[in-house]
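I opened the model to look up its charged pairs and a few of its strands. My notes follow in the order I worked.

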Amino acid sequence: MGERVTTPQPVSAGGLLDLIRSGRANTRAALQRATGLSRSTVGQRLDLLNRAGWLRHTTGASTGGRPSERIVFDPTHASVLAVDLETRHARAAVLDLAGAILAEHTGPLDITEGPDHVLDHVSGWFPDLIAAAGADASRVCGIGLSVPGPVDWEAGQVVEPPIMPGWDRYPIRVRLQEAYARHVGASLEGGPVPVLVDNDANLMALAEQQASHRDCGAFVLVKVSTGIGAGVVVDGHVYRGIDGGAGDIGHIRVHDRADALCMCGSYGCLAAVASGRALAKELSGADGNAASGSDVRRLLAEGHPDAIRLAREAGRRVGEVLVTVVTLLNPGVLMLAGDLSGVPFMTGVRELLYQRAMPRTTANLQIVTSRLGDHAGLIGAATTVVEHLYSPARADARLAGILSPQSGRP
């Protein structure tokens, strides 16, 4: 039998939008060349995108003839709410569709108080945030939520989180949609606002890779705060594994600390000896007045000698695990983020990596610290919402709904 021949499917309006958003085609002629569609078909599909309000038309520089019209995605036609949950505080923000923060709020919040309290509390911030951003609640197209635990991406649920008691398999999407409707006054009749949930290290990795290392095909971010986790971005996409467990390096066992009890209930985990929580415990015993990773961060900023020593030792511990990670993934960039990611910690990581890894593995490796800082989780959460809602298939489905007479959501 001969090879099966497949007929290329015509590029939809969502497909044109993908070309425009990525910058691969930003004129009608370029869209025709990239898709093989006729001028009239391109015009019809652009008309759908224009009617939805998703595009902006600008005039390009003249090269002697008539100036060309450039077509770009309009990041101001809607907005996104993003929430970044930490163990002892939370951040929330309104962002435009390009990831620019329009308004934000940070407040104390104990994640161990459980999902009902936490989700209702952060949702109470939304009305003031939307007003401060000068946004319209009816133009909020989605909510992104960053959490410090493993997440089943398809279900939008946290799974067996060591530092989030009461959150295991909790229906976050539904509860956050209800809390949003209750606090903002939005009706669910036109469909609930989309909610996307992911692990904090994954979202930070996505934001940092797109902001500063877009050309890096294999990018690893390690967050060391109260816990330890890693996010991996390959070819511009977060790698989550088969059920969201990829990057959970904080629970790899270390060889010489079988006595160290971890929050997960096991002994000898990396997080039990090298996380912000572990260092805070040691510093409290050494009169350092620390209870969490953020307290260790404060002591490091103050130049506390025991904090500096312990952070460097923690870097060496984490570096020992990262030798395997770097050897397996061969990333171009290894980024350190979180409360401990200063010079002492990075020094420890570098020492172990360059001592233990093969020279070829580290020859082209950049070891850097976060560029986006405390905003990485928020920007990553918003980016995930935008990438989901404006993907070709999802964009086509939304266009059908937006342009119907019953539609009420952007």
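**Entry 1: Arg309 and its partner**

I checked Arg309 in this predicted model. Its relative accessible area is 41%. The limits for partly exposed are 20% and 50%, so Arg309 counts as partly exposed. I then looked for its partner and found Glu313, with the closest N and O atoms 3.5 Å apart. That pair is a salt bridge. Glu313 also has 41% relative accessibility, so I noted Glu313 as partly exposed. Why are Glu313 and Arg309 separated by about one helical turn? Both sit in helix α11 (residues 305-329), and they are four residues apart.

**Entry 2: Glu302 and Arg298**

Next I looked up Glu302. Its side chain meets that of Arg298 in a salt bridge, at 3.6 Å from N to O. Is Glu302 buried or exposed? I read 54% relative accessibility for Glu302; the cut-off for exposed is over 50%, so Glu302 is exposed. Arg298 comes out at 32%, so I listed Arg298 as partly exposed.

**Entry 3: Glu86 and Lys223**

I moved on to a pair with both partners buried: Glu86 and Lys223. They form a salt bridge, and the closest N and O atoms are 3.1 Å apart. This pair links distant parts of the chain. Glu86 lies in the loop between β3 (79-85) and β4 (89-96). Lys223 lies in strand β10 (residues 218-224), 137 residues apart from Glu86.

I followed the contacts outward. Glu86 and Lys223 belong to a network of salt bridges that also links Asp84, Arg91, Asp200, Arg297, Asp339 and Asp374. For the whole model I logged a count of 25 salt bridges.

**Entry 4: from β10 to β11**

Lys223 had taken me to β10, so I traced what β10 pairs with. The partner is β11, in the antiparallel sense, over seven bridges. A hairpin of three residues joins β10 to β11. Which residue is the bridge partner of Val220 in β11? I found Val232.

I then checked burial along β11 (residues 228-234). Six of its seven residues are buried, so the strand is largely enclosed by the rest of the structure.

**Entry 5: on to β12**

Last, I looked at strand β12 (residues 237-238). Two bridges join β12 to β11, and the two run antiparallel. Val234 has His237 as its bridge partner in β12. The hairpin of β11 and β12 has two residues between the strands. I checked the backbone there: Asp235 takes a positive phi near 55 degrees.

Notes:
Residues numbered from 1 in each chain as written. Predicted model: local features only at pLDDT ≥ 70, side-chain atom pairs only at ≥ 80, totals over all residues. Heavy atoms only, no water. Salt bridge = Lys/Arg side-chain N within 4 Å of Asp/Glu carboxyl O. Buried < 20%, exposed > 50% of the residue type's maximum accessible area, 1.4 Å probe, protein only. Pairing = 2+ DSSP bridges.
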